[in-house]
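Q: Please take a close look at one part of this model, the place where the two chains meet, and describe it in a connected way.

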There are 2 protein chains.
Amino acid sequence: MKKQKILIVEDEENILETLQLNLDLEGYALETAVDGEEALSKFKSFQPDLVLLDVMLPKKSGYDVCREIRTYSNVPILFLSAKGTTQDRIFGLKLGANDYLPKPFDLEELLLRIQILLAPLQEQEKETSNFKIGDFEVDFKNFKTDSRSGEVGLTKKECELLKYIVSRPNEVISRNEILDHVWGEEKYPTSRTIDNFILNFRKYFEDNPKQPKYFQSIRGVGYKFTP
Amino acid sequence: MKKQKILIVEDEENILETLQLNLDLEGYALETAVDGEEALSKFKSFQPDLVLLDVMLPKKSGYDVCREIRTYSNVPILFLSAKGTTQDRIFGLKLGANDYLPKPFDLEELLLRIQILLAPLQEQEKETSNFKIGDFEVDFKNFKTDSRSGEVGLTKKECELLKYIVSRPNEVISRNEILDHVWGEEKYPTSRTIDNFILNFRKYFEDNPKQPKYFQSIRGVGYKFTP
DNA sequence: ATTCGCGTTTAAAACTTTTAACATCCCTAG
DNA sequence: CTAGGGATGTTAAAAGTTTTAAACGCGAAT
């Protein structure tokens, strides 16, 4: 998993240093800005995953920065501000910020809230990351996969069958189950058809197709995928 | 878009009523629970999109409820509590809550924070919801679409081309652009090939294929998709 | 030993994609 | 206003892929 990038926008030197120190310790990649204009330019070049944003800043207020970022990005924004009244918070949240922490803030709480804001991103990364069989990366969306003989294209049925099989790892799946799920209830090819596809998968992925590790056959029942 | 479901867990009657009234006004679907055990059973039956959770509850504390929910769900949880110290907040957030608002809370701020927590969900729904052309729903993932003659299967290329074209609505796209994007730089069929696919799309989707509304051809240039 | 099920190869069947050919429409030049 | 050329619509068939079936051999189970 990549380091998550945080842009810290804060003009008070002490606070900035504390934040830098602690967020670095947490393993985030950091960039800093000390005024509103720098914040926007750093935002564009750094493309952070989260912005910690002070409200009172030289040149351009945090509110303005937030408004502008929101015109082109949904990146999580967390306001840090000495202006801590309910009205201030509401104002900030209405601008599209995701959270608003009054100063002085508790460092532990800040770290937690940062984690919370970054969590959906991490999940997403997990979901969109491609599936791996051994060392081979399968790209279902684009119908291709790495294989022992380099990148090969996958056909529609190959994709569908492979998706179904790997969705049930370590489970023995009967041929009929496969036919039902991948081919649908109407169409019913010979169940031997499945064997042909398995044969292909073994050619793509198995070191030794004669002794399959990933695509094992269970005599009399069906197949089992072992990651 | 469906109504979003919120489970309110709160034993103080006044607060519960205020919340109910206002969240109803905002258009959320609501369920309520007045103690920890009811909260868990309602959670399972109601399957809410967000939980508003009081900390001090009869039978089972909000903390316990949160802990248990987190063992099987990532639903956003927002604590509401009279226990408002930093340590309380940190404790709640560490349990996996997404936000923590001390009582007395400002209603407007609560509504905003609820919106923020529900936002990712809404986005997701938008993404996974299928594309529509007229009244016909296109299911790119499963290679099929409704059409004037019922459900039809889409081929790989049909999907790719259709995806590309609808990704640029109201824009005139030249044949060469289409070839570059859908076929890739290497392979180059006659540009007339595209016409054949367009012909199919019109058969699928146009009321009157002779006078296309959705897939218009722009003489000398290419095609334009108008939703 | 015989039967049954799977692995494997090969080829036929089905389907998709591309090309070719002709029809039709639209613009423009005469 | 009309003829001709160029572009798109339409159909059908060719070429290319994918999917399915058939056939045979091998090894395990009964």
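A: The model is predicted, and what follows concerns the interface between chain A and chain B. In this interface, 21 residues of chain A are in contact with 22 residues of chain B. The size of an interface is often given as the accessible area lost when the parts come together; for chain A and chain B the buried area is about 2000 Å², with carbon and sulfur atoms giving 56% of that figure. On the side of chain A, the residues that lose the most area to chain B are L93(A), I116(A) and K156(A), which together account for 23% of what that side buries.

Charged and polar pairing also belongs to this picture, since six salt bridges are counted between chain A and chain B, and one salt bridge joins the side chains of R89(A) and E109(B), at 2.6 Å from N to O. Residue pairs in polar contact between chain A and chain B, with both residues at pLDDT 80 or more, number nine.

As for the elements involved, α4 (86-94), β5 (99-102), α5 (107-128) and α6 (156-166) of chain A each supply at least two residues of the side that touches chain B, and the largest share of that side, six residues, comes from α5(A). Sorted by class, the side of chain A that touches chain B consists of eight nonpolar, three polar and ten charged residues.

Covalent links through cysteine can be addressed as well: a search of the whole structure finds zero disulfides over all chains.

Notes: Residues numbered from 1 in each chain as written. Chains lettered and ligands numbered in written order. Predicted model: local features only at pLDDT ≥ 70, side-chain atom pairs only at ≥ 80, totals over all residues. Heavy atoms only, no water. Disulfide = S-S within 2.5 Å. Contact = heavy atoms within 4.5 Å. Buried area = accessible area lost by both parts, 1.4 Å probe. Salt bridge = Lys/Arg side-chain N within 4 Å of Asp/Glu carboxyl O. Polar contact = N/O pair within 3.5 Å; in protein donor to acceptor, adjacent residues only side chain to side chain. Helix = DSSP H or I, 4+ residues; strand = E, 2+ residues; numbered from the N terminus. Nonpolar A, V, L, I, M, F, W, Y, C, P; charged D, E, K, R; others polar.
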